[in-house]
Amino acid sequence: MITFVGAGPGDPELLTIKGKKIIDSADVIIYAGSLVNPAILDGAKKSARIYNSAEMNLDEVIEVMKDAESKGLRTARVHTGDPAIYGAIREQIDRLDSLGIESAVVPGVSSAFAAAAALKKEYTLPDISQTVIFTRMEGRTPMPPREKLQDLAKHHATMVIFLSVGFLEEMSHQLIAGGYAEKTPVAVVYKASWPEQKIVAGTLKDIAKKVEDSGIKKTALTVVGDFLGDGYSLSKLYDKGFTTEYRKGTEE
Ligand code: SAH
């Protein structure tokens, strides 16, 4: 059995209880060493064989899983944050399926949510944005043609931009070209939930320069949108005049 486990954003206490149980009982652990905090492996069995997938290609990863499976061992495949976001798990699951090897996925806390927590902000503010776009910039790997940042910007949704802190200047240009005002607030969260976490706040106009001055080059998320500002409406859910399934509203 191969279990894909979301390791969370960094803080070992943000690993799920289920994920920790899988890691602690695994015979073989393959973890994405470029981002996963090795401290989440602290409870692993002494006898566990541990591989860092940053140094392996897909064939090598599958080979380790296949070998473990043939010996009846349990494998934990540990990805950063939640494996469903830029985790490249689909290609592994499909290979395992074709080999007849059973697998399962345990979700994790994405850095998208660790960043919101660090900022103490809500991505979905009433009347400001009720939609969140997870995306990235076109870098060494291309974007599908209908998902250019400039096109996505048209929605003025909350945007959480992964893997792109090295291209902030270009990112700001594209978002402005897509219709965001230059004064739209932006925050860059470096290593959310790690002890070295840093937040740089600015606007589309000045964020690139501020981040450059801060020295942040990777492991950061960029969040963009008016949800970072001060204007919004109160929620209906907790409005005392609004009736819900659980609570009768009082007319004033
Ligand atoms: N599956 C992961 C994302 C993997 S892509 C998740 O759900 O978080 C790798 C990118 O995620 C990094 O380039 C960076 O943009 C972001 N990232 C991962 N961990 C981070 C953290 N602790 N703080 C800020 N950004 C992080």
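How many bridges join strand 1 to strand 5? In this predicted model, four bridges join strand 1, residues 2-6, to strand 5, and the two strands run parallel.

## The parallel sheet

Strand 1 and strand 5 belong to an open sheet of five strands, arranged in the order 3-2-4-1-5 with parallel pairing. Its edges are formed by strand 3 (49-52) and strand 5 (103-106), each of which pairs on one side only. On average, and with direction ignored, neighbouring strands of this sheet are turned by 20° against each other. One facing pair can be named where strands 1 and 5 meet: V5 stands opposite V106 in strand 5.

Two helices lie across strands of this sheet. Helix 1 (residues 17-25) lies across strand 1, strand 2 (28-31), strand 4 (75-79) and strand 5, and runs at about 135° to strand 1. Helix 3 (residues 90-98) lies across strand 1, strand 4 and strand 5, and its angle to strand 1 is about 170°.

## The mixed sheet

A further set of five strands also forms an open sheet, in the order 6-7-10-8-9, and here the pairing is mixed. Strand 6 and strand 9 (198-203) are its edge strands, each pairing on one side only. Neighbouring strands in this sheet are turned by 20° against each other on average, direction ignored.

Five bridges join strand 6 to strand 7, and these two strands run parallel. Within this pair, V132 stands opposite T158 in strand 7. Helix 7 packs on the sheet, where it touches strand 8 and strand 9; the direction of helix 7 makes about 155° with that of strand 9.

## Helix 4 and the loop that follows

Helix 4 has five buried residues, A112, A114, A115, A116 and L119. The elements covering them include strand 6, strand 7, strand 8, strand 9 and strand 10. Just after helix 4, K120 takes a positive phi of about 55°.

The loop between helix 4 (111-119) and strand 6 (132-136) contains S129. Is S129 buried or exposed? S129 counts as buried because its relative accessible area is 6%, under the 20% limit for that class. Its side chain reaches the backbone oxygen of T131 at 2.9 Å, and the side chain of S129 also makes a polar contact with the side chain of T158 at 3.1 Å. Beyond residues up to four places away in sequence, S129 touches Y123, T124, H156, A157 and T158. T158 thus appears both as a partner of S129 and as the residue that V132 stands opposite.

## Nonpolar cores

The largest nonpolar core has 24 residues, and those with the most contacts inside it are M159, M171, L175, V188 and V224. Two or more residues of this core come from each of helix 5 (149-152), strand 7 (158-162), helix 6 (168-177), strand 8 (185-190), helix 7 (207-214) and strand 10 (220-224). A second, separate core of 16 residues includes A114, L125, A187 and V189. In soluble globular proteins, nonpolar side chains tend to be buried together.

What surrounds V188? Leaving aside neighbours within four places in sequence, V188 is in contact with V165, L168, K198, I199, V200, I207, V211, I216, A220, L221 and T222.

## An exposed lysine

K218 is found in the loop between helix 7 and strand 10. K218 is exposed, because its relative accessible area of 59% is over the 50% limit for that class. Not counting residues up to four places away in sequence, K218 touches V165 and Y190. V165 is also among the contacts of V188. From K218 to G72 the separation is 146 residues in sequence and 38 Å in space, C-alpha to C-alpha.

## The ligand site

The ligand is surrounded by 18 residues, of which the closest are I85, S110, S111, A192 and A220. A220 is also one of the residues in contact with V188.

Several polar atoms of the protein lie at the ligand. An N or O atom in the side chain of S110 is 2.8 Å from an oxygen atom of the ligand. A polar backbone atom of A192 is 2.8 Å from a nitrogen atom of the ligand, and a backbone N or O atom of K191 lies 3.5 Å from a nitrogen atom of the ligand.

How values were computed: Residues are numbered from 1 along each chain as its sequence is written. This is a predicted model: local features need pLDDT of at least 70, side-chain atom pairs count only at pLDDT 80 or more; totals for chains, interfaces and linings use all residues. Side-chain values use heavy atoms; hydrogens and water are left out. A nonpolar core is a set of buried Ala, Val, Leu, Ile, Met, Phe, Trp, Tyr and Cys residues joined through side-chain atoms within 4.5 Å. Buried means under 20% relative accessible area, exposed over 50%, partly exposed in between (1.4 Å probe, protein chains only). Contact means heavy atoms within 4.5 Å. Two strands pair if DSSP finds at least two bridges between them. Axes are lines fitted to C-alpha atoms, for helices over the stretch in contact, and angles run from 0 to 180 degrees between N-to-C directions. A residue is near a molecule or strand if one of its heavy atoms lies within 4 Å of it. A polar contact is a pair of N or O atoms within 3.5 Å; within protein, one must be able to donate a hydrogen and the other to accept it, and residues adjacent in sequence count only if both atoms are side-chain atoms.
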